[in-house]
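Colleague: Could you take me through this structure? I have not seen it before.

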Amino acid sequence: MVETQAVVGEKTGSTAIPEFKNFINGQWKPAKSGRTFQSINPANPSDIVGIFPASDKQDVDEAVAVAKKAYEEWRLYPAPKRAEILFRAGQIFAERKEELSRELTREMGKVLAEARGDIQEVIDMVFYAAGEGRRMFGNTTPSELKNKFAMSVRMPIGVIACITPWNFPMAIPSWKIAPALVAGNTVIFKPASDTPLVATRFVEILEEAGLPAGVLNMVTGGGGAVGDAILEHPDVRLVSFTGSCEVGRHVNEKCAPTFKRVSLEMGGKNATIVMDDANLDLAVDGIIWGAFGTAGQRCTATSRVIVQKGIYPKLRDKLVEKAKSLKLGYGLDPGVDVGPVINEASLKKIEKYVQIGQEDGAKLICGGHRATSAGSGWFFEPTIFDEVKPNMRIAQEEIFGPVTALIPVSDLKEALHVANDIEFGLSTAIYTKNVNQAFEAIRDLDAGITYVNAPTIGAEVHLPFGGTKNTGNGHREAAEACLDIFTEWKTVYIDYSDKLQRAQIDPAE
Ligand code: UN1
């Protein structure tokens, strides 16, 4: 985030840079302080995408007050009617898929085909969540007492906050905001400061679909000024966060004093296991896509490849050959396979890890450098380390860039041990034709997601998404689990016996 003083109509060449606003109570308005920041194209930093409010506590306080007020009505608006607004929004997302995808590539950097995937994930999620408007099932169950009825129903929670990352700048907000809204909550949305334009488009579409004022409010700005004000606010009842473990820990701690519910979706160090009997070319394709798609900037990215020794040399050589053939460049240019990483700090972090890998004794066999030939942006070569030891830092810590580590092992037992011997547990994959090995891996890989003969990336919205260990705090997003975070159970007993009946005490008569 590049913070600037308030500038309206600033010029690059002859084109005025558009200025965008916060969305509070159905109105677009600047930060109360008047401060702004710029969002820039990571493939070409001289291309300024827009100017956005650098908000602070005053803006958050206003947004939360408005959301609290709007909740009184929104929670009573029937869920199937709330869903109708989401269905309309889903249609608008589908109609505008192409223009939204292009803007997403410009602001975030992923190549156009992947940007289209990001928007498709929004369409899928919004329709899926809208479907919950006519489900949202509770349970009925017999009471232990005569003439007594028992049931449980889902209730909304209140004002909830969604704090989202830049790597899936539209899909991840949709995983959170669509189910939160259909369940009857009102929302404060704080998007990543690297992708506020995509977030603005998301909110504009929900506004256009007919969401009442105050139900969804967006406040842009930094984690310190906006994020902390949200985390400390007593009227925010739940925070749903996706991002790094470091920030997730901060979110968790900050939410503790006010007993907020917290749903955290954090890091990964996702392993693909390749057994000797695997389809070699399929494994190569899956690893290249998993490791270098989105320039490795997915929490599901294949950052470790655990390979049985018999297939190791062939797999390594083919991976290097393929990785070297990937074309880096601006994601809107045809034929480009890999876009830039998100910003300078990210590039520096990746460079640092490449250095650490070499110092720790891993062999750099592909890439490892900033790719200046791809353009003025933050391009980094697809990078592969050979002969990596499982305990090296490049095999333990999340790099969030196009870097993967090849780790040789003797058998499945060792492969599973290495795969599990990390602090994270998001996605995993195994390539094998042996059904016994596949099922053993499904049972023993300690992760929220396991793929068989497919890459570690590519989760679908109607299946639960999330991880074990330090990847999260026990929640899942999307699928039927999407309502679990955003609702509370209310248990209802209705006694129609006209007399006092005491559970656990009175005998049935
Ligand atoms: C993420 O990187 O935070 O499974 C989400 C996938 C995508 C979502 C990734 N559908 O790779």
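Modeller: We can look at the ligand and then at the domains; please keep in mind that this is a predicted model.

Colleague: Fine. Which residues surround the ligand?

Modeller: The ligand is surrounded by Glu121, Asn167, Phe168, Ile172, Trp175, Arg298, Cys299, Thr300, Ile457, Gly458, Ala459 and Phe465. By class, seven residues of this shell are nonpolar, three are polar and two are charged.

Colleague: And which side chain has an N or O atom 3.1 Å from a nitrogen atom of the ligand?

Modeller: That is the side chain of Glu121. Oxygen atoms of the ligand also have polar partners: a polar side-chain atom of Asn167 lies 3.2 Å from one, and a polar backbone atom of Ala459 is 2.7 Å from one.

Colleague: How much of the ligand's accessible area does the protein cover?

Modeller: On its own, the ligand has 320 Å² of accessible area, and the protein covers 99% of this.

Colleague: Which pocket does the ligand sit in?

Modeller: The ligand sits in the second largest pocket.

Colleague: Changing topic, what are the domains of the protein chain?

Modeller: The domain assignment gives domain 1 (59-266 + 474-490) and domain 2 (270-452). Their centres, taken over C-alpha atoms, are separated by 31 Å.

Colleague: How many residues does each domain bring to the contact?

Modeller: Domain 1 brings 18 residues to the contact, and domain 2 brings 20 residues.

Colleague: Back to the ligand, then. Where does it lie with respect to domain 1 and domain 2, and why?

Modeller: The ligand lies between domain 1 and domain 2, because both of them give residues to the shell around it.

Key:
Residues are numbered from 1 along each chain as its sequence is written. This is a predicted model: local features need pLDDT of at least 70, side-chain atom pairs count only at pLDDT 80 or more; totals for chains, interfaces and linings use all residues. Side-chain values use heavy atoms; hydrogens and water are left out. A residue is near a molecule or strand if one of its heavy atoms lies within 4 Å of it. A polar contact is a pair of N or O atoms within 3.5 Å; within protein, one must be able to donate a hydrogen and the other to accept it, and residues adjacent in sequence count only if both atoms are side-chain atoms. Accessible areas come from the Shrake-Rupley method with a 1.4 Å probe; for residues, only the protein chains shown count as cover. On a 1 Å grid over the protein atoms alone, a cavity is a set of points where a 1.4 Å probe fits but cannot get out, and a pocket is an open set with protein on both sides within 12 Å along at least five of seven lines; lining residues have an atom within 4 Å of a point. A molecule sits in a cavity or pocket if more than half of its atoms lie within 2 Å of its grid points. Ala, Val, Leu, Ile, Met, Phe, Trp, Tyr, Cys and Pro count as nonpolar, Asp, Glu, Lys and Arg as charged, and the others, Gly among them, as polar. Domain bounds come from an automatic or database domain assignment. Contact means heavy atoms within 4.5 Å.
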